Amino acid sequence: MEKGKLNQIEILIQDHIITFNQDQAIDHKTIDQFLRSQALKVFNERLCVMYKYFIPYNVKKPTLKIRKMKSRYGTCYYNDQKIILNLSLIQCKISHIDYVIAHELCHFLYPDHGKGFKALLSAVVPDWRDKKIELNKLFGRLPS
Ligand SMILES: [Zn+2]
């Protein structure tokens, strides 16, 4: 989140700058709700797109939850058929969101980050290493 001109708050979502005026009585809770509604829409759309790559592997389509997380982009609960994505990803590029979704979907077949996992992820997102580096730069840390 960035502060724009006086009395304005600007939020960048996939290359679109959305500006709120302070006189709309905007507060952090409202912005949070807005980001969550955008995230729910975009993440579910991207899950549908990325899931198609995993149908041949008999992966069941997981449910998607959104959470604010400090140290992770996403988490996979493969026993519960559920993936959780970091709310902050809504402010990243679609290609970054796709990479994180693909990463989590790979975990339904490979719980670790071993050779099989990397081979599958490379088949779905060939430049995933670049995406990972870009995301780490954006988030300023190195999660697994
Ligand atoms: Zn992982």
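Me: Leaving aside its neighbours within four places in sequence, with which residues is leucine 85 in contact?

Reply: In this predicted model, leucine 85 is in contact with Phe43, Leu64, Ile66, Gly74 and Val100, once its neighbours within four places in sequence are set aside. A contact here requires C-beta atoms within 7 Å. Leucine 85 itself lies in strand E6.

Me: Why does leucine 85 count as buried?

Reply: The cut-off for a buried residue is 20 or more other C-beta atoms within 10 Å of its own. Leucine 85 has 26 C-beta neighbours inside 10 Å, and therefore counts as buried. In the protein as a whole, buried residues make up 22% of the 144 residues.

Me: What separates the C-alpha atoms of leucine 85 and threonine 75?

Reply: A distance of 6.6 Å separates these C-alpha atoms, although leucine 85 and threonine 75 are 10 residues apart along the chain. The bridge partner of leucine 85 is glycine 74.

Me: How do you know that E5 and strand E6 pair?

Reply: Pairing requires at least two bridges between the strands. E5 is joined to strand E6 (residues 82-86) by 4 bridges, and the two run antiparallel. Since 4 bridges satisfy that requirement, E5 and E6 count as paired. Their hairpin has 4 residues between the strands, and glutamine 81 takes a positive phi near 50° there.

Me: What makes E4 a partner of E6?

Reply: The requirement of at least two bridges applies here too. E4 and E6 are joined by 5 bridges and run parallel, so they pair under that definition. One of the bridge pairs is leucine 64 with isoleucine 83 in E6.

Me: Why is the pairing of the open sheet called mixed?

Reply: The open sheet has 3 strands in the order E4-E6-E5, with mixed pairing. E4 and E6 run parallel, whereas E5 and E6 run antiparallel; both arrangements are present in the sheet.

Me: What makes strand E4 and strand E5 edge strands?

Reply: Strand E4 (63-67) and strand E5 (74-77) each pair on one side only. From one strand to the next, the twist averages 20°.

Me: Which helices are placed against E4, E5 and E6?

Reply: Helix H1 (residues 28-51) packs on the sheet and touches E4 and E6, with a direction at about 145° to that of E4. Helix H2 (residues 94-106) lies across E5 and E6 and runs at about 25° to E5. An angle under 35 degrees counts as roughly parallel, so H2 is roughly parallel to E5.

Me: Why are H2 and H4 called roughly perpendicular to each other?

Reply: Angles of 65 to 115 degrees count as roughly perpendicular. H2 and helix H4 (residues 128-139) pack at about 110°, with their axes 10 Å apart, and are therefore roughly perpendicular to each other. Their crossing is left-handed. Ser95, His96 and Tyr99 of H2 make the contact with Trp128, Lys131, Glu134 and Leu135 of H4. By class, this contact comprises 3 nonpolar, 2 polar and 2 charged residues.

Me: How do the axes of H2 and helix H3 cross, and which residues meet?

Reply: The axes of H2 and helix H3 (residues 115-124) come within 10 Å and cross at roughly 140°. That angle falls in neither the parallel, the antiparallel nor the perpendicular range, so the crossing counts as oblique. The crossing is right-handed. Ala102, His103 and Cys106 in H2 meet Phe117, Leu120, Leu121 and Val124 in H3. By class, the contact has 6 nonpolar residues, 1 polar residue and no charged residues.

Me: What pattern does the protein follow, read along the sequence?

Reply: The pattern is β-β-β-α-β-β-β-α-α-α, with 4 helices and 6 strands in the protein.

Technical notes
Residues are numbered from 1 along each chain as its sequence is written. This is a predicted model: local features need pLDDT of at least 70, side-chain atom pairs count only at pLDDT 80 or more; totals for chains, interfaces and linings use all residues. Axes are lines fitted to C-alpha atoms, for helices over the stretch in contact, and angles run from 0 to 180 degrees between N-to-C directions. Two residues are in contact if their C-beta atoms, placed from the backbone, lie within 7 Å. A crossing is left-handed if the near helix is turned anticlockwise from the far one by less than a right angle, and right-handed if clockwise. Ala, Val, Leu, Ile, Met, Phe, Trp, Tyr, Cys and Pro count as nonpolar, Asp, Glu, Lys and Arg as charged, and the others, Gly among them, as polar. A residue is buried if 20 or more other C-beta atoms lie within 10 Å of its own, exposed if 12 or fewer, and partly exposed in between; C-beta atoms are placed from the backbone. Angles under 35 degrees count as roughly parallel, over 145 as roughly antiparallel, 65 to 115 as roughly perpendicular and the rest as oblique.
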